[in-house]
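The following exchange sets computed values against the definitions that give them their names. Please consult the sequence and the structure as the questions proceed.

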Amino acid sequence: MKSPGTHWSSKKQSLEERSDFSSVSSSSSTSRKSTSGFKTAAKSVAVAFTSCFTPPETKSSSSFGESEPPSWLRQLSTMIKIIHTFPFLVSFMSDVSSAGSDRKRSSRRGIYTSSYNSTQTTEPGTLKFTMPEIYKATKNFAPSFKIGQGGFGTVYKGRLDDGTLVAVKRAKKNVYDKHLGVEFQSEIKMLARVEHLNLVRFHGYLEHEDEKIVVVEYVPNGTLRERLDCLDGNILDLAARLDIAIDVAHAVTYLHMYTGTDHPIIHRDIKSSNILLTENLRAKVADFGFARLAADSDTGATHVSTQVKGTAGYLDPEYLRTYQLTEKSDVYSFGVLLVELVSGRRPIEPKRELKERITTRWAMKKFTDGEGILTLDPMLLRNPSTNLAVEKILELALQCLAPTRQGRPSMRRCAEILWGVRKDFRELSASDLRSLSSLSQRSISIIED
Ligand SMILES: Nc1ncnc2c1ncn2[C@@H]1O[C@H](COP(=O)(O)OP(=O)(O)OP(=O)(O)O)[C@@H](O)[C@H]1O
């Protein structure tokens, strides 16, 4: 995703500037607009009670590549097959029976079957797309299908033979940029390991000559950063922001506690422009280009030593100093994200006066001075429920932003704390609404009198 800040990717910690947003995902907006106080309060309550996650639809698509997949991928696929034996059988049967297209890919990620030319059956487990399929899906990479541009390359919207909408990430063809190859390998390796409602779903990849392509689920409602910037004129209210924070906490908890095979996964690039939003404004964490496997705690290891990668403004200072990476680096980035959700500000705001340029520093100072509410995004209205929620979110952010990893909560704990904040927020919003309603009833009777 495009960075709102700067990408770090070097042992020497050299800075690599990434370009600004130039394009916005398509599709209609469903954001909620804040208008008058009463309306906003009413909406908050309605949203709080109706927001629920709609799982992505089961999708099937077509095909595989001609060449053998790498051995690590075959092993991975075998693991996935074992984990998903039953879904595989179910989707395999439905694919065989539907026989609508020449080739079929089952609905479960990583498990494929084929009836190409009615005779050939490719070994399940290949995640590969072919170039003709990609050309067809993206209408030869038509400019009108372009939905984004990032450090990795260009992203196109695509439609597979069965109608499934996908995002096709095509790597830049820069033979001198070795990082792209590493990012590509990391992205497909990690995506192939994970499956969670709050993570973008992996459909497959293509690596052929100088083409490197990742195909993932298309998420239609833009990035969180675009929403906070109000690019479509709609304000993301606090109820929606809390839901998004919880979705992200769930996704990252899953990565950290993922025990399906071996090590947990550290995302390393949690930031608002890597969080995609669905039509219902629920969040999906994307971009596994920097993801790493965590240290194996069974061996007593506490961290992995690795070159520093991530985005300026979100980077754990301890990791930056020591090169020691743990899950708590994601927790730090999540703390930055919480402040971003409350304030609407980017982590680094170079145009502001000096003491406000580093958003977390400014916000944490306000919070510890007892003025946390002053950090609230000016687009959001203050009321008792919002005031309380803001205090609680900033309190959690302060813990996540602790200078060393021992002081930070686990991502699971973050999720639990946020559930509590959301529960209180909903209850208080409902009572705010009741008082507003009785107040307006009283004023109506005074006018009538
Ligand atoms: N799955 C998706 N569904 C819809 N839009 C997407 C999807 N993935 C990416 N995009 C769009 O494409 C843009 C660029 O995303 P991309 O993942 O390529 O960035 P990136 O190359 O990883 O950038 P960086 O490395 O700088 O973070 C996003 O900001 C978003 O607007």
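**Classification by definition**

Q: Where does Leu-376 lie?
A: Leu-376 is placed in the loop between helix 10 and helix 11 (384–400); helices (H or I, at least four residues) and strands (E, at least two) are DSSP runs, numbered from the N terminus. The model is predicted: local features need pLDDT of at least 70, side-chain atom pairs count only at pLDDT 80 or more, and totals for chains, interfaces and linings use all residues. Residues are numbered from 1 along each chain as its sequence is written.

Q: Why does Leu-376 count as buried or exposed?
A: A residue is buried if 20 or more other C-beta atoms lie within 10 Å of its own, exposed if 12 or fewer, and partly exposed in between, with C-beta atoms placed from the backbone. Leu-376 has 21 C-beta neighbours inside 10 Å and therefore counts as buried.

Q: Which residues is Leu-376 in contact with, leaving aside its neighbours within four places in sequence?
A: Contact requires C-beta atoms, placed from the backbone, within 7 Å. On that basis, leaving aside neighbours within four places in sequence, Leu-376 is in contact with Val-342, Arg-382 and Val-390. The C-alpha atoms of Leu-376 and Val-390 are separated by 7.3 Å, and the two are 14 residues apart along the chain.

Q: What makes Arg-321 buried or exposed?
A: Arg-321 has 12 other C-beta atoms within 10 Å and is therefore exposed. This residue is in helix 8 (residues 317–322). Arg-321 and Val-308, 13 residues apart in sequence, are 9.1 Å apart in space, C-alpha to C-alpha.

Q: Why is Lys-173 called buried or exposed?
A: Because 12 other C-beta atoms lie within 10 Å, Lys-173 is exposed. Its place is in the loop between strand 7 (165–171) and helix 5 (178–193). The UniProt annotation "binding site", from an unreviewed entry, covers Lys-173; such annotations may be inferred rather than shown by experiment.

Q: Which residues have the most contacts inside the largest nonpolar core?
A: A nonpolar core is a set of buried Ala, Val, Leu, Ile, Met, Phe, Trp, Tyr and Cys residues joined through C-beta atoms within 7 Å. The largest has 96 residues, and Val-248, Ala-249, Phe-334 and Leu-338 have the most contacts inside it. Helix 7 (residues 238–257) gives the most to this core, with 13 residues. Leaving aside neighbours within four places in sequence, Phe-334 is in contact with residues including Val-248, Ala-249 and Val-252.

Q: How do you know whether helix 7 and helix 9 are parallel or antiparallel?
A: Axes are lines fitted to C-alpha atoms, for helices over the stretch in contact, and angles run from 0 to 180 degrees between N-to-C directions. Angles under 35 degrees count as roughly parallel, over 145 as roughly antiparallel, 65 to 115 as roughly perpendicular and the rest as oblique. The axes of helix 7 and helix 9 (residues 327–343) come within 11 Å and cross at roughly 175°. Helix 7 and helix 9 are therefore roughly antiparallel to each other.

Q: Why are helix 9 and helix 10 called parallel or perpendicular?
A: The axes of helix 9 and helix 10 (residues 359–368) cross at roughly 75° and come within 10 Å. The two helices are therefore roughly perpendicular to each other. Val-336, Val-339, Glu-340 and Ser-343 of helix 9 make the contact with Thr-359, Thr-360 and Ala-363 of helix 10.

Key:
Contact = placed C-beta atoms within 7 Å.
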